[in-house]
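Student: Got a minute to walk through a model with me? I'd like to know how the inside is put together.
Tutor: Sure, let's put it on screen.

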Amino acid sequence: MDRRRFTLLLGSTPLLAQAPAAAPELEWHDAKKLRVEGLGFKDQKAPYDRLPGRAEGVVRPVVWDLSRDSAGVLVRFVTNATAIHARWTLTNKTLTSPNSTPVACSGLDLYAKNDAGRWHWLGIGRPTKFPENTDALASGLPAGPREYMVYLPMHNPVTSVEIGVPKGGSMEAGPARPADRKPIVFYGTSITHGFSASRAGMTHVSMLGRLFDREVINLGFSGNGKMEPEVTKFVAELDPAVFVLDCLPNLTAKEVHSNAIPCVKILREAHPDTPILLVEDRNYADNFLNASRRERNETNHAAMREEYAKMQKEKIPHLHYLKADDLLGDDGEATIDGSHPTDLGFTRQAAEFQKALKKILK
C-alpha cells in the first residue's frame, strides 16, 4: 500500500496521543489522629519511638537508638476511597541494610480487610529518597468503606506519616480493640526486630498480630536483646495478655544463667498472673556443618532449660516454654545467612508461635 492511499484511509487529521489522566487531588490525614498500634508508651521523645523518652540515658545507647526504629508500629483506618497514598519522613539517610530490603527498612506495607474479615496484603510504599517520600500504595479500589492498616518502616525512624485519599473520600480511625483483648508484647533480638523479612508485614510478630487479631508491641533490638534489667523494667510497665521473651540469639550461655531469672522475676513482680513465654534460640541453618554455631545453639539451649527448671522448682507461676526444634524447619531453606529468617522462615516461626500462644491466650 502506497503512502497516498494509506493517508486517505486514515483521513487528513493527524493522530494525537491521548493525554495522561490528571493525578487526583488528595486530602492528607496525620496518622497520629488515626488508630496507631504497637506503641506501648505515651511519653515518647518522638511520636513513633518504641521506648519512652525517659529511657534515654537509662538503657544502653545502642538500645536507645534502636528503640527509635518504628518496628511493629502500624496505623489502622477506615476509608471509602478508591486510592490510598502515603507520605512519610525518615530520620536516617541509609534506606536499606545488607540483609534487608529498602521496603522493609524504610518503606510502608499496606493491608486491607477482605469481605471475609481477614487481613490481606494490598500494596507497598517504596522509599526512594531522604528524608520525605510520597507514594501511591493502592489504586483502582472499589468505592465503599473498608478497614486498612499500614505497617511503618522497621529499621528507620519516622518523624511523620500521613495517609492521602482523593478529595471527598472519608477517613476515620480504625475501630478500637475490645477492652479484654490485651496486646502481646515481644522482647527480643534482630529476629524480633524484623531482619530479614522482605516487608514489615512479613515478620512473625506482624503475622501473629493478624492471626490473633490483636495489637502486638515489638520490642526487638537488633543485636541487643539481652534480658537486661534496665530494659526489662520498662517492659514491665506494659500490661499485655502475654510477655514473649525471645532473647537467646543475643546471649551466651553464661549470660543466660545470669540474666534469665532476674528478667522473669522483674516481670513477675509487676504482673503476678500474666503468662510469660520463654523461647529458645532458633537453630542456625548451617549448624549441621558449622561446629561453632552448633555449640552455640546447644549450650544456649541447655542453659535456658536449666534456668527454666530452676524457675519451675521455685514455683514461679504462669511460665511457658517454646523449644527451638521446629522454629525454622530442618531443610536449611528458611534464612538469608543461617541466622536471620526470610519470609519463609518467619512464616514457619509464626506457625510455631501460634501453637504456643493459642494455648496461652485461650
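Tutor: One term before we start: a nonpolar core here is a set of buried Ala, Val, Leu, Ile, Met, Phe, Trp, Tyr and Cys residues joined through side-chain atoms within 4.5 Å. Also keep in mind that this is a predicted model.

Student: OK. Which residues touch the most other members in the largest nonpolar core?
Tutor: L51, L245, L278 and M311 do, in a core of 39 residues. The element that gives the most to this core is helix α7, residues 253-270, with 7 residues.

Student: What is L278 in contact with, leaving aside its neighbours within four places in sequence?
Tutor: Two of the other top members, L245 and M311, are on its list. The rest of the contacts of L278 are V264, M304, Y308, H320, Y321 and L322.

Student: And what's in the second, separate core?
Tutor: That one has 27 residues, including V75, L95, Y148 and V165.

Student: Switching to rings. How many aromatic pairs does a search of the whole structure find?
Tutor: It finds 5. One of them is F77 with Y148, a stacked pair at 5.7 Å centre to centre and 20° between the planes.

Student: Which parts does that pair tie together?
Tutor: F77 is in strand β3 (residues 74-79) and Y148 is in strand β8 (residues 146-151), so the stacking links parts that are 71 residues apart in sequence.

Student: Is F77 buried or exposed?
Tutor: Buried, with a relative accessible area of 0%. Y148 counts as buried too, at 2% relative accessibility.

Student: Any charges over rings? Which residue lies over the face of W28?
Tutor: R87 does, at 4.2 Å from the ring centre. There's also R282, whose charged end sits over the ring of Y284, 4.2 Å from its centre.

Student: Let's do a helix. How far apart are the end C-alpha atoms of α9?
Tutor: They are 25 Å apart. Helix α9 has 19 residues (343-361), so at 1.5 Å a residue it should span 27 Å, and the two values agree.

Student: Which residues of α9 are buried?
Tutor: G345, F346, Q349, A350, E352, F353, A356, L357, I360 and L361. As background, an α-helix has 3.6 residues a turn, so residues three or four places apart point the same way.

Student: What covers those buried residues of α9?
Tutor: The cover includes strands β11 (184-188), β13 (242-246), β14 (276-279) and β15 (319-322). Helices α4 (190-193) and α5 (204-212) are also part of it.

Student: Backbone oddities next. Which peptide bond leading into P131 is cis?
Tutor: The one from F130 to P131, with omega near 0°. P131 is in the loop between β6 (119-125) and β7 (132-138). A cis bond also runs from F195 to S196, with omega near 5°, and S196 is found in the loop between α4 and α5.

Student: I'd check that second one by eye. What about phi of D213?
Tutor: Phi of D213 is near 50°, a positive value in a residue other than glycine. D213 lies in the loop between α5 and β12 (216-220), and at 25% relative accessibility it counts as partly exposed. K315 has a positive phi as well, about 60°, and is not a glycine either. K315 is in the loop between α8 (291-313) and β15, and counts as exposed at 69% relative accessibility.

Student: How many disulfides?
Tutor: The count comes to 0. For C247, the closest cysteine sulfur is in C263 at 6.4 Å, too far for a bond, as the cut-off is 2.5 Å. C247 counts as buried, at 0% relative accessibility, and C105 is buried with a relative accessible area of 3%.

Student: Last one: where's W119, and what is it in contact with?
Tutor: W119 lies in strand β6 and is buried, with a relative accessible area of 14%. Leaving aside neighbours within four places in sequence, the contacts of W119 are R76, Y111, A112, K113, E147, Y148, M149, R210 and D213. So two residues from earlier turn up there: Y148 of the stacked pair and D213 with its positive phi.

Note on methods:
Residues are numbered from 1 along each chain as its sequence is written. This is a predicted model: local features need pLDDT of at least 70, side-chain atom pairs count only at pLDDT 80 or more; totals for chains, interfaces and linings use all residues. Side-chain values use heavy atoms; hydrogens and water are left out. Buried means under 20% relative accessible area, exposed over 50%, partly exposed in between (1.4 Å probe, protein chains only). Helices (H or I, at least four residues) and strands (E, at least two) are DSSP runs, numbered from the N terminus. Contact means heavy atoms within 4.5 Å. Rings of Phe, Tyr and Trp (its six-membered ring) pair if their centres lie within 6.5 Å; planes under 30 degrees apart count as stacked, over 60 as edge-to-face and the rest as tilted. A charge sits over a ring if NZ of Lys or CZ of Arg is within 6 Å of the ring centre and within 35 degrees of the ring normal. The expected span of a helix is 1.5 Å times one less than its number of residues.
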